[in-house]
Amino acid sequence: MIKKRLGRVKRRFILNFLEKSDPDKIARIGEDKVVPAFLRAAEGVPAYQKILAEKKVDISKIRDLDDFKEKVPVVVKGDVFGRFDAAELCVGGEFPEDAVSVFTSSGFSKKFSYGIVTERDGKKVREMLAFILGYEFDANNKKTLLINSEAMGVTFSSPYPMVNTSVRSDMVLTLLKVLKKEFEQFIILADPHFAKKIVEDGIDSGFDWKAAKVSFVLGGDWISNSLVKYLMEKTEMSFENPEKKIRLTMGLSELGLNLFHDGVNLARVRDAAQGDEKLKKALFGDLGACSELMYYYPQRTFMEVINRDKNGFGELVFSMLDKDLKMPLTRYNSKDAGKLFGFNEFSEILKKHGYGNLIPEFHLPIVAVSGRGGDDVVVGGAVVGVDDLKEVFYRDFSVANS
């Protein structure tokens with residue numbers, strides 16, 4: 001009981017901090033952590049020491065954030081994974097004895113990456129889930145079952161009861177039916193395209209989505225606004241209903257399962273921009289499909305964008321700041337395409353275009369994610385973004401259904 005009460009107090013403190021603190025102050029907390037986090041990795045991780053030696057980096061010259069941005073090299077997956085043993089990637093050169101799991105990537109880029117999760121990491125995941133799902137779905141006050149239908153055995157520590165089904169829509173639907181009287185709500189974690197299959201298989205089998213108190217947390221692949229709207233229409237979910245809504249998240253196996261997540265107003269801004277060319281241009285330039293809009297936590301992750309295009313989008317670069325991470329990565333280019341907004345900058349754009357009622361709930365910086373670079377295709381001689389194709393495919397629900 002005392003532990004639960006302390007958890008509620010901590011969550012209220014975090015919520016108050018995110019909703020009321022000066023956005024610039026929040027950003028500075030992360031900036032102040034960058035150099036210490038870099039030095040911890042540079043002095044303690046054998047693989048990173050070799051990388052820096054190869055790049056002829058003198059770590060004694062890295063004194064402030066400007067030095068960090070100017071002199072610390074950006075690394076990519078091939079610089080890190082496949083070159084070194086797992087222990088060499090860890091602080092102290094030893095694989096952690098308290099490791100509880102290892103997450104691997106899909107290997108789609110022909111190189112596998114992975115992340116090591118310790119008991120302490122697992123505790124932090126539970127705390128983050130309790131905060132986000134408690135805030136978004138009131139999960140701390142309602143009897144909630146998480147259904148993890150992520151592929152490849154992706155599991156994690158949960159503060160709520162959880163069932164791991166992998167990609168078995170029949171199992172998901174059976175659980176929703178047989179346990180509907182045992183839980184007040186269900187939250188399904190899934191890839192967006194598998195979520196579509198769950199919904200459509202449910203419709204085909206006669207499952208009553210409109211009566212069910214089921215929400216989705218979607219990640220693992222870029223999702224178009226039109227697919228979100230399609231799923232909402234089929235299930236009567238909405239952006240706001242805490243018992244029936246969709247939330248988006250993004251993680252990377254080597255960095256963490258929940259780096260970014262959206263919120264009610266960010267989802268509504270994206271939807272508004274898809275139908276308002278002036279707002280879309282102000283946020284995304286001449287992109288056809290509106291990017292996913294998500295918060296990131298600068299005290300956990302220092303974000304940069306390099307090789308920007310005319311719309312301000314470039315390659316996302318991550319520096320992990322948690323002093324307890326056993327496998328910290330610094331200036332790591334994931335090759336995901338994105339754009340960063342400060343909270344005040346984003347809010348001013350909304351006010352200017354008549355959307356002052358959609359100011360983000362949290363005073364956090366925002367990342368617009370537009371998919372992975374290099375995924376464009378040629379259609380009829382023209383270069384077309386995969387994001388644009390997805391947006392068009394699902395916009396007509398009769399086409400989306402097929």
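## A walk through the predicted model

Two bridges connect strand 8 to strand 9 (residues 292-296), and the two run antiparallel; strands count as paired here if DSSP finds at least two bridges between them. Helices (H or I, at least four residues) and strands (E, at least two) are DSSP runs, numbered from the N terminus. Before going on, note that this is a predicted model, where local features need pLDDT of at least 70, side-chain atom pairs count only at pLDDT 80 or more, and totals for chains, interfaces and linings use all residues. Residues are numbered from 1 along each chain as its sequence is written, and side-chain values use heavy atoms, with hydrogens and water left out.

Back to strand 8. His261 sits opposite Tyr295 of strand 9, and Thr249 also stands opposite His261. That second pairing belongs to strand 7 (residues 246-252) and strand 8 (residues 256-261), which are antiparallel and joined by three bridges. Strands 7 and 8 form a hairpin, with three residues between them.

Just ahead of strand 9 you'll find Ser291, in the loop between helix 11 (277-284) and strand 9. Is Ser291 buried or exposed? Its relative accessibility is 0%, so Ser291 counts as buried; the cut-offs are under 20% relative accessible area for buried, over 50% for exposed, and partly exposed in between (1.4 Å probe, protein chains only). If you skip its neighbours within four places in sequence, Ser291 is in contact (heavy atoms within 4.5 Å) with Trp222, Arg270, Phe284, Phe313, Ala368, Val369 and Ser370.

Next, the parallel strands. Strand 5 (residues 185-190) has six of its six residues buried, so it is largely enclosed by the rest of the structure. Look along strand 5 and you'll see Gln185, Ile187 and Leu189 pointing one way, with Phe186, Ile188 and Ala190 pointing the other. Strand 5 has partners to go with this. Strand 3 (residues 144-148) runs parallel to strand 5 and is joined to it by five bridges, with Thr144 opposite Gln185. Strand 6 (residues 214-218) also pairs with strand 5 in the parallel sense, again over five bridges, and there Val217 is the bridge partner of Leu189.

How does the chain get from strand 5 to strand 6? Strand 5, helix 8 (residues 192-204) and strand 6 make a right-handed β-α-β unit. Right-handed means that, with the strands pointing away from the viewer, the path from the first strand over the helix to the second runs clockwise.

Helix 7 (residues 169-178) belongs in this part of the picture too. Its buried residues are Ser169, Val172, Leu173, Leu175 and Leu176. Viewed down the helix 7 axis, these fall within an arc of 155°, so they line one face of the helix; the arc is that of the directions from the helix axis to the C-beta atoms. What do the buried residues of helix 7 pack against? They pack against strand 3, strand 4 (162-164), strand 5, helix 8 and strand 6.

Now for the nonpolar cores, each one a set of buried Ala, Val, Leu, Ile, Met, Phe, Trp, Tyr and Cys residues joined through side-chain atoms within 4.5 Å. The largest has 43 residues, and Tyr48, Phe260 and Phe318 touch the most other members. Helix 2 (residues 23-44) supplies the largest share of this core, five residues. Tyr48 itself, leaving aside neighbours within four places in sequence, is in contact with Phe38, Ala41, Ala42, Val72 and Thr330. There is also a second, separate core of 33 residues, which includes Leu176, Phe186, Phe194 and Leu227. In soluble globular proteins, nonpolar side chains tend to be buried together.

What about cysteines? Cys90 is buried, at 0% relative accessible area, and Cys290 is buried with 0% as well. A search of the whole structure turns up zero disulfides, that is, pairs of cysteine sulfur atoms within 2.5 Å.

The last stop is helix 12 (residues 343-352), the home of Ser347. Phe343, Phe346, Ser347, Ile349 and Leu350 are buried in this helix. They cover an arc of only 155° around the axis, which puts them on the same side of helix 12. Ser347 has a relative accessible area of 4%, and beyond its neighbours within four places in sequence, Ser347 is in contact with Ile359 and Pro360. The C-alpha atoms of Ser347 and Lys278 are separated by 15 Å, with the two residues 69 apart along the chain. After helix 12 comes Gly354, with a positive phi near 85°.
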